[in-house]
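Let's take a walk through this one together, starting from a single residue and working outwards. Keep the viewer open as you read.

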Amino acid sequence: MNDLKAAQLIPTALRHFASHGYEGASLNDIAQEVGIKKPSIYAHYSGKDDLFLKTMAYALGEQKKHLASYFVETRQLPLEASLKGFFDWFIEESNQNDQMKFILRIAYFPPVKLEHEVTALINPFFDSIHRHLARLFRERDRTEQILYSEDYTSGALAYLTVAEGTMTELVYNGIDAYQQRLTAVWPIFWRGLVR
C-alpha cells in the first residue's frame, strides 16, 4: 500500500465509525473506499480495535485544536458572547464535522469491549480542555475584570459541566431539548460567574 492510501485509512475509518459505530463499521468497506484490500489494513494496524483506537486518538487531537481555534477566533468578543456562542458552534460541529460526530457517538456509546481504552483517551481530552478554559478565563479576566472569583479552575470546570450537560441532552433528546436546557441554565451560570 502506498503512503497516500495509508494516509486515507484514518479519515475514512473515522467517517465509517462516526456513521455506523464500532460494531456497524466494516473493515472491508473501509478498505474498499480507500481502494485497497482488507489484508492491507493489517500492514498498519493490528486489527479493528487498533484502527478504532488510533482513529479516536486522531479525532480527539484534531478536535482539540479545532475547539481551541473557536476561542481564538472569538477573542475579540466579550467573554459571555464567546462562551455562550460556543453552544451554537457546537451544534454546527455536531451536524457537519465527522470528528465531532465520532467523538460524541463514542463518548456516550463506547464499544463495551473497549470501554476502558476509550475512557483512557477521553479523560485526558477533557482535562486538556479544562486547562485551556482556565487559562482563557484568567487571560480574559485581566482585560474584562468581570469574573466573580479568581478561582479560574473552578469556573472552567463549572462551564464544562454546563457544556457536558447540554451535550448529553443533545445526544439523547435532540436539539430542542438541548436549547431548552441551555436557555434554562445559562443565566444562572453566568450570574454565578461574574461580579
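Start at Leu157, which sits in helix 8. This is a predicted model, and in it Leu157 has a relative accessible area of 46%, so it counts as partly exposed. Now look across from Leu157 to Leu136: the two are 21 residues apart in sequence, and their C-alpha atoms are 12 Å apart in space.

With that starting point in hand, zoom out. The protein has nine helices and zero strands, so reading from the N terminus you simply get α-α-α-α-α-α-α-α-α. Along the principal axes, the C-alpha atoms fill a box of roughly 60 × 35 × 30 Å. Of the 195 residues, 43% are buried. As for the contacts, take those between residues at least 6 apart in sequence: 70% of them join residues at least 24 apart.

Leu136 belongs to the stretch of helix 7 that meets helix 4, so let's go to helix 7 next. Helix 7 has 30 residues and reaches 42 Å from its first C-alpha to its last, close to the 44 Å expected at 1.5 Å a residue. What is buried along helix 7? The list is Val118, Ile122, Phe125, Ser128, Ile129, His130, Leu133, Ala134, Leu136, Phe137, Arg140 and Asp141. The cover over these buried residues includes helix 4, helix 5, helix 6 (98-108), helix 8 and helix 9.

Take helix 4 (residues 48-73) from that set. Its axis comes within 10 Å of the axis of helix 7, and the two cross at roughly 10 degrees. That angle is why helix 4 counts as roughly parallel to helix 7. On the helix 4 side, the residues that meet helix 7 are Phe52, Leu53, Met56, Ala57, Leu60, Gln63, Lys64, Leu67, Ala68 and Phe71. Facing them from helix 7 are Glu117, Val118, Leu121, Ile122, Phe125, Ser128, Ile129, His132, Leu133 and Leu136. Sort this contact by class and you get 15 nonpolar, three polar and two charged residues.

Lys64, one of the helix 4 residues in that contact, also gives you a handy line of sight to Gly35. Gly35 and Lys64 are 29 residues apart in sequence, yet their C-alpha atoms are 30 Å apart in space. You'll find Gly35 in the loop between helix 2 (27-34) and helix 3 (38-41). At 47% relative accessibility, Gly35 is partly exposed, since that value falls short of the 50% cut-off for exposed.

Back on helix 7, stop at Arg140. Is Arg140 buried or exposed? It's buried, because its relative accessibility is 7% and the cut-off for buried is under 20%. Setting aside neighbours within four places in sequence, Arg140 is in contact with Thr74, Arg75, Leu77, Pro78, Leu79, Ser82 and Gln145.

Gln145, one of those partners, deserves its own look. It follows helix 7 and lies in the loop between helix 7 and helix 8. At 53% relative accessibility, Gln145 counts as exposed. Check its backbone too: Gln145 has a positive phi of about 45 degrees although it is not a glycine. Most residues other than glycine have a negative phi.

Next, swing round to helix 5 (79-96) and its packing against helix 6. Their axes are 6 Å apart and the packing angle is about 95 degrees, which makes helix 5 roughly perpendicular to helix 6. Here Phe90, Glu93, Ser94, Asn95 and Gln96 in helix 5 meet Asp98, Met100, Lys101 and Leu104 in helix 6. By class, this contact divides into three nonpolar, three polar and three charged residues.

Finish at helix 9 (residues 175-193). Its 19 residues should span 27 Å at 1.5 Å a residue, and the end C-alpha atoms are 25 Å apart, which agrees. Helix 9 bends by about 35 degrees at Val185, and a proline, Pro187, follows within four residues. The buried residues of helix 9 are Ala177, Tyr178, Leu182, Trp186, Phe189, Trp190 and Leu193. What covers them includes helix 5, helix 7 (115-144) and helix 8 (152-173), and that brings you back to helix 8, where Leu157 lies.

Definitions and conventions
Residues are numbered from 1 along each chain as its sequence is written. This is a predicted model: local features need pLDDT of at least 70, side-chain atom pairs count only at pLDDT 80 or more; totals for chains, interfaces and linings use all residues. Side-chain values use heavy atoms; hydrogens and water are left out. Buried means under 20% relative accessible area, exposed over 50%, partly exposed in between (1.4 Å probe, protein chains only). The expected span of a helix is 1.5 Å times one less than its number of residues. The bend at a residue is the angle between axes fitted to the seven residues ending there and the seven starting there. Contact means heavy atoms within 4.5 Å. Axes are lines fitted to C-alpha atoms, for helices over the stretch in contact, and angles run from 0 to 180 degrees between N-to-C directions. Angles under 35 degrees count as roughly parallel, over 145 as roughly antiparallel, 65 to 115 as roughly perpendicular and the rest as oblique. Ala, Val, Leu, Ile, Met, Phe, Trp, Tyr, Cys and Pro count as nonpolar, Asp, Glu, Lys and Arg as charged, and the others, Gly among them, as polar.
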